[in-house]
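Here's a quick briefing to read with the model open in your viewer. It goes topic by topic, so feel free to jump around.

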Amino acid sequence: MSEPEIFEQKAPRQSSHINSMQDLLATLTGFWVSQSVYAAVELGIADLLKDGPKHVSEISAVTEADSGALYRLMRSLASVGLFTETKRECFEITSVGTCLQADHPNSLRTTALLLGREQFNPWADIVYSIRTGKCAYKYRKGMSFFKHLEQDDNAATTFNEAMTDYIRNVGFFVAESYDFSRYSTIVDVGSGHGILSSSILDRNPKLKSILFDTPNVIESAKEYTSGDKTVGRLEFISGDFFESVPQGGDIYILSNIVHNWNDERSTKILRNCYDAMVENGRLLLVEVVLQAEEQPLFCDFLDLHMLVMLGGKERTEDEYKNLISSSGFVLKSIIETNFYPSIIECVRV
């Protein structure tokens, strides 16, 4: 009598089912990748590879990380294209990985720090946001994200630097996509370090800009722009855009501002711009405009991120029309750039 088989023979699964399962597993474990990238940035690995390949033991000595665990991290990130293992336990950085270096012109280093340090845990409460339509960050922390930044200097520095890196890329496309030559004074509302205004002024030598943000941010902006060739055409004013904004500009720019807020709060900001600007002035909103058809995943999930972190939202063209008209403006045009945000041009009537 033959012995029974230890493992029961199972019917082969259809390859389409396996592919579907594998695709879903890759999606479900996406945070493994993002947090691994964050760990690599915290350890400064990308900068350590700037001068060429290094053995894990060299990187381990500098970062004071466990060499075995470090190898496993870098091997994993090599599988998603950040590093290449040139020989056993020796890695070099890829062109994608260089975007995690501090001095790269398109650096996303501080974005990785912001998402990994400050904005990862609130996503555990996304179900709360979906059930209530409210901000998960405030539910978890007991305060808004911006209130947290007021109380934590390190978090505020990370946030401001991440926004500067992001706007550096946005600013190039905004400056090349819109004709600013007919204006004299920009009011950059929620200006951050002023990188957007500097990009625009660099192309428009007769233009000047008023940077407007909270007092702490404006102090940082003064330091950040001190060596910029456009600094002589920058004016620095601090305040609260829910209360008022500087008067007299003929064009007001809000880049990645209104998506932080619900319609009521956004309308308040836009009404303050309406009241402050000259007659027939222009308002530019630099924001993602959600499309009915297929669009980059980043845009759809950025909308969810705004909900989870801030209680804000990305908007469709129709939603922007309603928001803008309720604030006294007319939507004139939506100008696409070669990056995620579009330029929403509005006229004061």
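A bit of vocabulary to begin with: a residue counts as buried under 20% relative accessible area, as exposed over 50%, and as partly exposed in between. Lys 50 has a relative accessible area of 42%, so it goes down as partly exposed. Keep in mind that this is a predicted model.

**Overall layout**

- The protein chain is built with 15 helices and 12 strands.
- Along the principal axes, its C-alpha atoms fill a box of roughly 95 × 45 × 40 Å.
- Of the 349 residues in the protein chain, 46% are buried.
- For a feel of the distances, take Phe 242 and Thr 98: they are 144 residues apart in sequence, and their C-alpha atoms sit 39 Å apart in space.
- Phe 242 itself is found in the loop between strand S6 (234–238) and S7, and its 10% relative accessibility makes it buried.

**Salt bridges**

- The count of salt bridges comes to 15, and a few of them are worth a click.
- Glu 42 and Arg 117 pair up through their side chains, with 2.6 Å from N to O. This one links distant parts of the chain, since Glu 42 is in helix H2 (residues 30–43) and Arg 117 is in helix H6 (residues 109–118), 75 residues apart.
- Both ends of that pair are partly exposed: Glu 42 has 36% relative accessibility, and Arg 117 has a relative accessible area of 37%.
- Lys 50 has Asp 103 as its partner, and their closest N and O atoms are 3.1 Å apart. Lys 50 lies in the loop between helix H3 (45–48) and strand S1 (54–55), while Asp 103 lies in the loop between strand S3 (90–93) and H6, so the bridge ties together parts that are 53 residues apart in sequence.
- How does Asp 103 count, buried or exposed? At 54% relative accessibility, Asp 103 is exposed, whereas Lys 50 is partly exposed.
- Arg 140 and Asp 125 form another salt bridge, with 2.8 Å between the closest N and O atoms. Here Arg 140 belongs to helix H8 (residues 136–141) and Asp 125 to the loop between H6 and helix H7 (126–132), so parts 15 residues apart in sequence get tied together.
- The two ends of this bridge fall into separate classes: Arg 140 is partly exposed at 38% relative accessibility, but Asp 125 is buried because its relative accessible area is 17%, and the buried class is anything under 20%.
- There's also a network of salt bridges, which links Arg 182, Arg 282, Lys 332 and Glu 345.

**Second largest pocket**

- If you're thinking about pockets, the second largest has a volume of about 260 Å³.
- It is lined by 15 residues, and the closest to its centre are Val 289, Gln 291, Glu 336, Tyr 340 and Ser 342.
- Which elements give two or more residues to this lining? They are strand S9 (289–290) and strand S11 (329–336).
- Sorted by class, the lining of the second largest pocket comes out as nine nonpolar, four polar and two charged residues.

**Nonpolar surface patch**

- Ile 18, Met 21, Leu 24, Leu 25 and Leu 28 make up a nonpolar patch on the surface, and together they have about 450 Å² of accessible area.
- Ile 18, one of the patch members, is located in helix H1 (residues 15–28). With a relative accessible area of 30%, Ile 18 counts as partly exposed.

**Backbone spots to check**

- Glu 89 has a phi near 65 degrees, which is a positive value in a residue other than glycine. You'll find Glu 89 in the loop between strand S2 (83–87) and S3, partly exposed at 26% relative accessibility.
- Asn 256 is another non-glycine residue with positive phi, near 55 degrees. Its place is the loop between strand S7 (251–255) and helix H13 (263–276).
- Is Asn 256 buried or exposed? Its relative accessibility is 11%, so Asn 256 counts as buried.

Conventions
Residues are numbered from 1 along each chain as its sequence is written. This is a predicted model: local features need pLDDT of at least 70, side-chain atom pairs count only at pLDDT 80 or more; totals for chains, interfaces and linings use all residues. Side-chain values use heavy atoms; hydrogens and water are left out. Patches are made of residues with over 30% relative accessible area and no salt bridge: like charges are joined within 9 Å, nonpolar side chains (Val, Leu, Ile, Met, Phe, Trp, Tyr) within 5 Å. Accessible areas come from the Shrake-Rupley method with a 1.4 Å probe; for residues, only the protein chains shown count as cover. A salt bridge is a side-chain nitrogen of Lys or Arg within 4 Å of a carboxyl oxygen of Asp or Glu. Helices (H or I, at least four residues) and strands (E, at least two) are DSSP runs, numbered from the N terminus. Buried means under 20% relative accessible area, exposed over 50%, partly exposed in between (1.4 Å probe, protein chains only). On a 1 Å grid over the protein atoms alone, a cavity is a set of points where a 1.4 Å probe fits but cannot get out, and a pocket is an open set with protein on both sides within 12 Å along at least five of seven lines; lining residues have an atom within 4 Å of a point. Grid points are joined across faces, edges and corners, and a volume is the space filled by probe spheres set on the points. Ala, Val, Leu, Ile, Met, Phe, Trp, Tyr, Cys and Pro count as nonpolar, Asp, Glu, Lys and Arg as charged, and the others, Gly among them, as polar.
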